[in-house]
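Visitor: Could you take a close look at one part of this model, residue by residue, and give the cut-off behind each term as you go?

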Amino acid sequence: MGLGTKVRLARLFSNPSGHLFGGAVDHFVGYGNVREGGLADLPGALRRVMAGGPDYISIQPGAARHLWSEYAGKAALVIQGGCFTADDRIRQLIATPEDAVRYGADALAVAIPVRGATEGEYIRWLTDTVNAAARFEMPVVAHVYPRDFTDGGKIVFTPDEIAYAVRIGFEAGVDVIKVGYTGDFESFRETVATCPIPVVIAGGPKTDTLLGALVQTSEALRAGAKGAVVGRNLWGHGDTTMAARAFKLVIHKGMTPEDALAAAGA
């Protein structure tokens, strides 16, 4: 790993806790009805997440171009280059490491699904991106989502599939892997322990309550995760800024979910 990659990764993991707390506002075509929910007002959602003090924001390149300038220097910027729907209706790689450099980003994220007939194409996205990123010393963060096609194609979080997703990420050569939490402490601990690079958890699927999302995050951290990059469970539970503060307290201060909610003003 070269100096540039080390410097940029240090910006992602800049908190003294050694963990990271990221906010994901990069759902794009996978979001659904853009008139409803926490991302209906994308500029407002970004503003509310940033008010909670995340370490970094993951965002699509076009949204970054229009929205990020006022937040530059307040958090690390991660450009999301992967664009897909679980059923493969859409699958495109929309940003390159060179694009991430032009935007002043600290990393390039590539979200991919695995399993199914198109899995090889997505793995190639990762390996090609890693190879191209080496020229610019740009870290690559893989967001890897296993699928089950027994009912048309959906994202799953079983222990075997999450272990497979993590293996795909580090064998493709990425620098950080983001995967869903299995809900099973021991299996997740074993998977993280055998991975030579940092594993952080995705915030989804959306939980019934914010407390449930915080409990999930706390368990994953105890199992060895190095943080969380949260989307739906951040801007999908009402008070986004309060939720961000609560996640930050769990991730960086090691607070219990209940104490973090109280301290955040829930």
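**The loops on either side of β2**

Guide: In this predicted model, a polar atom of the side chain of aspartate 55 lies 2.6 Å from the backbone nitrogen of phenylalanine 21. That pair is a polar contact, a term for two N or O atoms within 3.5 Å of which, within protein, one must be able to donate a hydrogen and the other to accept it, while residues adjacent in sequence count only if both atoms are side-chain atoms. Numbering starts from 1 along each chain as its sequence is written, and side-chain values use heavy atoms, with hydrogens and water left out. Since the model is predicted, local features need pLDDT of at least 70 and side-chain atom pairs count only at pLDDT 80 or more, although totals for chains, interfaces and linings use all residues.

Aspartate 55 sits in the loop that joins α2 (42-51) to β2 (56-59); here helices (H or I, at least four residues) and strands (E, at least two) are DSSP runs numbered from the N terminus. Aspartate 55 is buried, meaning under 20% relative accessible area, as against over 50% for exposed and in between for partly exposed, with a 1.4 Å probe and protein chains only. Which side chain of opposite charge is nearest to aspartate 55? That side chain is lysine 248, 5.8 Å away, and aspartate 55 has no salt bridge, which would require a side-chain nitrogen of Lys or Arg within 4 Å of a carboxyl oxygen of Asp or Glu. For charge, Lys and Arg count as positive and Asp and Glu as negative, while His and the chain ends are not counted. Beyond its neighbours within four places in sequence, aspartate 55 has contacts, that is, heavy atoms within 4.5 Å, with Leu12, Asn15, His19, Leu20, Phe21, Ala75, Ala76 and His252.

On the other side of β2, glutamine 60 belongs to the loop between β2 and α3 (61-67). Its relative accessibility is 7%, and therefore glutamine 60 counts as buried. A polar atom of the glutamine 60 side chain lies 3.0 Å from the backbone oxygen of aspartate 26. When residues up to four places away in sequence are not counted, glutamine 60 touches Asp26, Phe28, Gln80, Gly82 and Ile94. As a wider spatial reference, the C-alpha atoms of glutamine 60 and alanine 220 are separated by 26 Å, with these positions 160 residues apart along the chain.
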